[in-house]
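Got the viewer open and a hand on the mouse? Here is a short tour, stop by stop, with something to select at each one.

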Amino acid sequence: PADAAPQATAAEGLTEEEVSLYPHLLREGETPWGALVSGQPVTLTGGEPRDHVMVGDYVMRNLLNMTANKTFIGCAAITAQGEFCYNIPMEIGINEAMISRTTQGLYILADHTKLQKTASTENRYGSCIYEGHWTLITDEKVDPDIVAELRAMGKHVYVVGIDDIIP
């Protein structure tokens, strides 16, 4: 994909001791984590694939047996009030398990299309609010009013522009 090069650049210099990846996303024919840290160990959490997300008891059991310094998660949508919306309700529990085993930081990755003033019914099969500290990483096309509302709640929002990823 077009965005693979900036991700690979960001991972330059990483060693096996510094990064271990435990993705619970799986898309047929794609390995998005391969471009992120080529040569790094990747361990799938197990479970059964449902709409590209690994879910089930195996995922939960495996996540509760590991600890992460930093966790990066996604979701179907985020509202200006800090509500996280999901298409797959089991993904909420999986993300909460990952967050509970994180020692340093929670990062939410969501492009501008996922940030909404209010939740819509098309991506709200399940939702939750993460009360603790988290950082949102999004792109420069994001609605500045939504960024302002999230920042007013004390959330850190990092808006990435094209100049931030391509030298």
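The stops below go from the confidence colouring to a strand, then to charged side chains, aromatic rings and a helix.

**Stop 1: colour by confidence**

Keep in mind from the start that this is a predicted model. Colour the chain by pLDDT: the average is 75, and 67% of the residues score at least 70. Which elements sit at the two ends of the scale, lowest and highest? Select helix H1, residues 4–10, for the lowest mean pLDDT among the elements, 35. Then select helix H5, residues 144–152, for the highest, 94. While you're at the start of the chain, take in residues 1–14 as well: the pLDDT is below 50 over that stretch. Leaving out near neighbours in sequence, residues 1–14 have 14 contacts in the model.

**Stop 2: strand S9 and its partners**

Now select S9, residues 135–139. Is this strand mostly covered or mostly open? Mostly covered: four of its five residues are buried.

Next, add the strands that pair with S9. Strand S6, residues 102–109, runs parallel to S9, and three bridges join the two. Pick out Ile108 and you'll find Leu136 of S9 opposite. Strand S10, residues 156–160, is also parallel to S9, with five bridges between them. Here the residues to click are Thr138 and, opposite, Val159 in S10.

**Stop 3: zoom in on Thr138**

Stay with Thr138, which belongs to strand S9. Buried or exposed? Thr138 has a relative accessibility of 4%, so it counts as buried. Show the side chain and draw a distance to the backbone oxygen of Ala110: the side chain of Thr138 reaches that oxygen at 2.7 Å. Then bring up the surroundings. Setting aside neighbours within four places in sequence, Thr138 touches Ala110, Asp111, His112 and Leu115, along with Val157, Tyr158, Val159 and Val160.

**Stop 4: the salt bridges**

How many salt bridges does the structure hold? Two. Select Lys117, Asp143 and Asp145 together, since these three are what you need: salt bridges link them in a network.

Start with Asp143 and Lys117, whose closest N and O atoms are 3.3 Å apart. Asp143 is in the loop between S9 and H5, while Lys117 is in the loop between strand S7 (115–116) and strand S8 (126–129), so this pair ties together parts of the chain 26 residues apart in sequence.

Now switch to Asp145 and Lys117, where the closest N and O atoms are 3.6 Å apart. This pair links distant parts of the chain too: Asp145 is in helix H5 and Lys117 in the loop between S7 and S8, 28 residues apart.

Turn on the surface and see how the three residues sit. Relative accessibility is 27% for Asp143, 40% for Lys117 and 46% for Asp145. Each value falls between the 20% and 50% cut-offs, so each counts as partly exposed.

**Stop 5: the aromatic rings**

There are three aromatic pairs in the model, and this stop visits two of them. To describe a pair of rings, you give the distance of the centres and the angle of the planes.

Select Phe84 and Tyr130. This pair is tilted, with 4.7 Å from centre to centre and 55° between the planes. Phe84 is in strand S5 (residues 83–86) and Tyr130 in the loop between S8 and S9, so the pair ties together parts 46 residues apart in sequence.

Keep Phe84 selected and add Trp134. Phe84 and Trp134 pair edge-to-face, 5.1 Å centre to centre, with 75° between the planes. Trp134 is in the loop between S8 and S9, 50 residues from Phe84 in strand S5.

With the three side chains on screen, you're looking at a cluster: ring pairs link Phe84, Tyr130 and Trp134. Are these rings buried or exposed? Phe84 and Tyr130 are both buried, and Trp134, at 0% relative accessibility, counts as buried as well.

**Stop 6: a residue in helix H4**

Finish by selecting Asn95, found in helix H4, residues 89–100. Asn95 has 0% relative accessibility, so it counts as buried. For a last distance, click the C-alpha atoms of Asn95 and Gly74: they are separated by 8.9 Å, with the two positions 21 residues apart along the chain.

Definitions and conventions:
Residues are numbered from 1 along each chain as its sequence is written. This is a predicted model: local features need pLDDT of at least 70, side-chain atom pairs count only at pLDDT 80 or more; totals for chains, interfaces and linings use all residues. Side-chain values use heavy atoms; hydrogens and water are left out. pLDDT is the predictor's confidence in each residue, from 0 to 100. Contact means heavy atoms within 4.5 Å. Buried means under 20% relative accessible area, exposed over 50%, partly exposed in between (1.4 Å probe, protein chains only). A polar contact is a pair of N or O atoms within 3.5 Å; within protein, one must be able to donate a hydrogen and the other to accept it, and residues adjacent in sequence count only if both atoms are side-chain atoms. A salt bridge is a side-chain nitrogen of Lys or Arg within 4 Å of a carboxyl oxygen of Asp or Glu. Rings of Phe, Tyr and Trp (its six-membered ring) pair if their centres lie within 6.5 Å; planes under 30 degrees apart count as stacked, over 60 as edge-to-face and the rest as tilted. Two strands pair if DSSP finds at least two bridges between them.
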